[in-house]
Amino acid sequence: MKFLLISGNPKSGGLCRALETAIENGARDGGAEVTRVTTGGVERCRVCGDGWGTCRDTHKCAFGAGAFDELQTLAREADRIAIVTPVYWAEASEGLLAFLDKLRRCEAFGGDGLRGKPVLLAASPGGSGNGLVSALDQLERFCKHTGANVFDFIGQNRWNAAYKQKAAYEAAKLLVTAPDNFGAR
Ligand SMILES: Cc1cc2nc3c(=O)[nH]c(=O)nc-3n(C[C@H](O)[C@H](O)[C@H](O)COP(=O)(O)O)c2cc1C
């Protein structure tokens, strides 16, 4: 069971990193092999061609050599994924969006690397706590476009961090043992 944590967080300390650690620990205690990656090295989409680009058909980024290709492969190979971001400007971080924007284009139309994949979404704002819902909404839209299956949303702020980290641990642990088709009706 491969569990990939995709982080848009550039920091090595702080609350967002603590949330990631809780998720990593939960997944590991659930029996998964956990890999954490950050998205800082991915260049933004160039919006090539007529707007759709060649990635719609090839499911690969024409300019993806390096960081993007490596992360796309890891995402495709993972059995479970957690996406974690600090909240910047009421959105996911720019580094994470650079990766997700490209990945969505590659996977949405028949790439199918994420279709049906169980995903845990988590966001962590700073002082004001504003923008948590819109950041999670943005991540949910990515999942809808790529067909990934949202297992849960974790919204951490400065006031709820202690119990949300416990919830994140439990969610990740359960996500590992949940059936692949947990969302199927
Ligand atoms: C460019 C930028 C934009 C930010 N925008 C928001 C925001 O919209 N709402 C908010 O509550 N915090 C915002 N923050 C604060 C970050 O969410 C916070 O610094 C980040 O989660 C790291 O906190 P941590 O050290 O506790 O992990 C912003 C920070 C940066 C650097």
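Here are a few questions and answers about how features of this predicted model earn their labels.

Q: What makes S2 and S5 the edge strands of the sheet?
A: The open sheet has 5 strands in the order S2-S1-S3-S4-S5, with parallel pairing. Strand S2 (33-38) and strand S5 (149-155) each pair on one side only, and that is what the label refers to. Neighbouring strands here are turned by 15° against each other on average, direction ignored.

Q: How do you know that S1 and S3 pair?
A: Two strands pair if DSSP finds at least two bridges between them. Strand S1 (residues 2-7) and strand S3 (residues 80-86) have 5 bridges in the parallel sense, so they count as a pair. Among the partners, Ile6 is matched with Ile83 in S3.

Q: What does H5 touch when it packs on the sheet?
A: Helix H5 (residues 132-146) touches S3, strand S4 (118-124) and S5, and its direction makes about 155° with that of S4.

Q: Why is the crossing of H1 and H6 called right-handed?
A: The label applies if the near helix is turned clockwise from the far one by less than a right angle. The axes of helix H1 (residues 15-29) and helix H6 (residues 161-177) cross at roughly 35° and come within 7 Å. The turn is clockwise, so the crossing is right-handed. The contact residues divide into 11 nonpolar, 3 polar and 3 charged.

Q: Which residues lie nearest the centre of the largest pocket?
A: Of its 15 lining residues, Lys11, Leu15, Cys16, Ser124 and Pro125 do. The largest pocket holds about 170 Å³ of space, and H1 gives the most to its lining, with 3 residues.

Terms used: Residues are numbered from 1 along each chain as its sequence is written. This is a predicted model: local features need pLDDT of at least 70, side-chain atom pairs count only at pLDDT 80 or more; totals for chains, interfaces and linings use all residues. Side-chain values use heavy atoms; hydrogens and water are left out. Axes are lines fitted to C-alpha atoms, for helices over the stretch in contact, and angles run from 0 to 180 degrees between N-to-C directions. Helices (H or I, at least four residues) and strands (E, at least two) are DSSP runs, numbered from the N terminus. Ala, Val, Leu, Ile, Met, Phe, Trp, Tyr, Cys and Pro count as nonpolar, Asp, Glu, Lys and Arg as charged, and the others, Gly among them, as polar. On a 1 Å grid over the protein atoms alone, a cavity is a set of points where a 1.4 Å probe fits but cannot get out, and a pocket is an open set with protein on both sides within 12 Å along at least five of seven lines; lining residues have an atom within 4 Å of a point. Grid points are joined across faces, edges and corners, and a volume is the space filled by probe spheres set on the points. Contact means heavy atoms within 4.5 Å.
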